[in-house]
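Below is a colleague's note, set out as numbered points, to be read with the model open alongside.

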Amino acid sequence: MKHSAHTIIVGGGLAGGLVALAKVEAGRGAGLVLVEEGATLGGNHTWSFHRTDLDADGWRLLAPLVSHRWARTEVRFPGRRRVIENDYATVTSEAFARRLASRLAGAGVRVMLGARAIAVHTDRVALADGTEIAGDVVFDARGPERASTSTSTSTGFQKFVGLELDLAEDGPWDAPVIIDAEEDVEQLDGFRFIYALPFSRRCVLLEDTVYSDNPTLDEAAFEARLLDYARTRGARVRRILRRETGVLPLPLRATSQPARADAPAALGYRGGFFHPVTGYSLPMATRVAVALATRDTRAEVATALAALRAELEQQQRFGFLLNRLMFEAMSPALRWNALERFYRLPTETIGRFYASRMTTWDRALMFAGRPPRGISWRRLFGASGVAA
């Protein structure tokens, strides 16, 4: 069975969904097809961001999707806590799917759920059921390729298990704690911390996150640790409302693989549009969506993506360097020191770091003064491929 469209987006998660939404908001919904393998758009995720991660255009696109907002966040390390006065917001996959589906339907966009793409080219997409869709512009937003989540000396990993918890009484969190690595949070398998996102005083998302050398994720062990953590913080858990998991590759250096001639325009993780240190993809996904909203031809899309990559190149390379310092110059148990030192910097520098808009002065500040405790230059320079 053959169909045709002007624009095809493969992948209805954050990256693909935001491009579809941006095009609809720009009046480019006609002839748009969104292909998603899952049963719903958005998957099972919670995306959070600082307000300073987005410019005015990005905020206009994302604001209707926001589920919760807070005026501050907190980080906790052994012997040190810091409150950061910076608006913070969350988009849940449920809110994302609801808003996106409504806007796309109203604009006449064809959304194909439960449709698995087996071949994605610059001008066509083949589905597992035998359907082929021809298109003038094709975007591939299916997430990181499997090869990037295998064990590699050039890749670290951020892996996590999250539990959304219904509490029997008010919990101890009234604002997000984006890093809790206090003394009682045992450093296992790398830099480990707990992320707490209170949707209300009786509903909280807790994530156990590890910056690890390997992608192995023992979900049962992570879940048990989270429930124990909740108890130690004085929360009485009534039930688990939802679970989410993830293993994100964190590159230690740039890769330069020539693009195939028949490769479509890649978005999100697959296209390299993510923060190499935090794994955050929402700020860059929003920037990409805004940039592509009015690009109607393959050439215009290629030019826009090339400009974004050039704009981000220095930011990405600096992120790779920070990853090498954490994963190659520090032992797993001491990696937390690198982040603890980072959170001593000015609020504005921290904000520009998350937004991938760091200045030369910001980068200099990160290396000024004494290096973080536990860093080993011998370990770094002895690591393979450091000169790459």
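The points that follow take up the two sheets, the cavities and the salt bridges in turn.

1. As a preliminary, the model under discussion is predicted, and what is said below should be read with that in mind.

2. One of the open sheets is built from 7 strands that follow one another in the order 6-5-13-14-15-12-16, with mixed pairing. Its edges are formed by strand 6 (80–84) and strand 16 (237–251), each of which pairs on one side only. From one strand to the next, the twist averages 15°.

3. The mixed character of this sheet can be followed strand by strand. Strand 5 (residues 73–77) and strand 13 (residues 177–180) run parallel and are joined by 3 bridges, with Val75 having Ile179 of strand 13 as its bridge partner. On passing to strand 14 (residues 191–200), strand 13 pairs in the antiparallel sense over 2 bridges, and here Asp180 stands opposite Ile194 of strand 14.

4. Further along the order, strand 12 (residues 155–167) and strand 15 (residues 203–212) run antiparallel and are connected by 10 bridges; within this pairing, Glu164 is placed opposite Leu205 of strand 15. Helix 4 (residues 219–232) packs on the sheet, where it touches strand 12, strand 13, strand 14, strand 15 and strand 16, and the direction of the helix makes about 50° with that of strand 12.

5. Another open sheet has 3 strands in the order 3-7-4, paired in the antiparallel sense. The edge positions belong to strand 3 (46–50) and strand 4 (68–70), each pairing on one side only. Neighbouring strands of this sheet are turned against each other by 15° on average, if direction is ignored.

6. Within that sheet, strand 4 and strand 7 (residues 88–92) run antiparallel and are joined by 3 bridges, Tyr88 of strand 7 being the bridge partner of Trp70. Helix 3 (residues 93–106) packs on the sheet by touching strand 3 and strand 7, and its direction makes about 65° with that of strand 7.

7. How many cavities of 30 Å³ or more does a search of the whole structure find? The search finds 2, and the largest cavity has a volume of about 50 Å³. Among the residues lining the largest cavity are His275, Gln315, Phe318, Phe353 and Met358, while helix 6 (residues 298–328) gives the most to this lining, with 3 residues. Divided by class, the lining of the largest cavity has 5 nonpolar, 4 polar and no charged residues.

8. The second largest cavity holds about 30 Å³ of space. Its lining consists of His50, Ile84, Asn86, Thr347, Ile350, Gly351 and Tyr354, and the largest share, 4 residues, comes from helix 8 (residues 347–354). By class, the lining of the second largest cavity has 3 nonpolar, 4 polar and no charged residues.

9. The structure holds 33 salt bridges, one of which links Arg270 with Asp140, where the closest N and O atoms are 3.7 Å apart. Because Arg270 lies in the loop between strand 17 (265–266) and helix 5 (282–292), whereas Asp140 belongs to strand 11 (residues 132–140), this pair ties together parts that are 130 residues apart in sequence. For a reader weighing this contact, the cut-off for a salt bridge is a nitrogen of Lys or Arg in the side chain within 4 Å of a carboxyl oxygen of Asp or Glu.

Key: Residues are numbered from 1 along each chain as its sequence is written. This is a predicted model: local features need pLDDT of at least 70, side-chain atom pairs count only at pLDDT 80 or more; totals for chains, interfaces and linings use all residues. Side-chain values use heavy atoms; hydrogens and water are left out. Two strands pair if DSSP finds at least two bridges between them. Axes are lines fitted to C-alpha atoms, for helices over the stretch in contact, and angles run from 0 to 180 degrees between N-to-C directions. Contact means heavy atoms within 4.5 Å. On a 1 Å grid over the protein atoms alone, a cavity is a set of points where a 1.4 Å probe fits but cannot get out, and a pocket is an open set with protein on both sides within 12 Å along at least five of seven lines; lining residues have an atom within 4 Å of a point. Grid points are joined across faces, edges and corners, and a volume is the space filled by probe spheres set on the points. Ala, Val, Leu, Ile, Met, Phe, Trp, Tyr, Cys and Pro count as nonpolar, Asp, Glu, Lys and Arg as charged, and the others, Gly among them, as polar.
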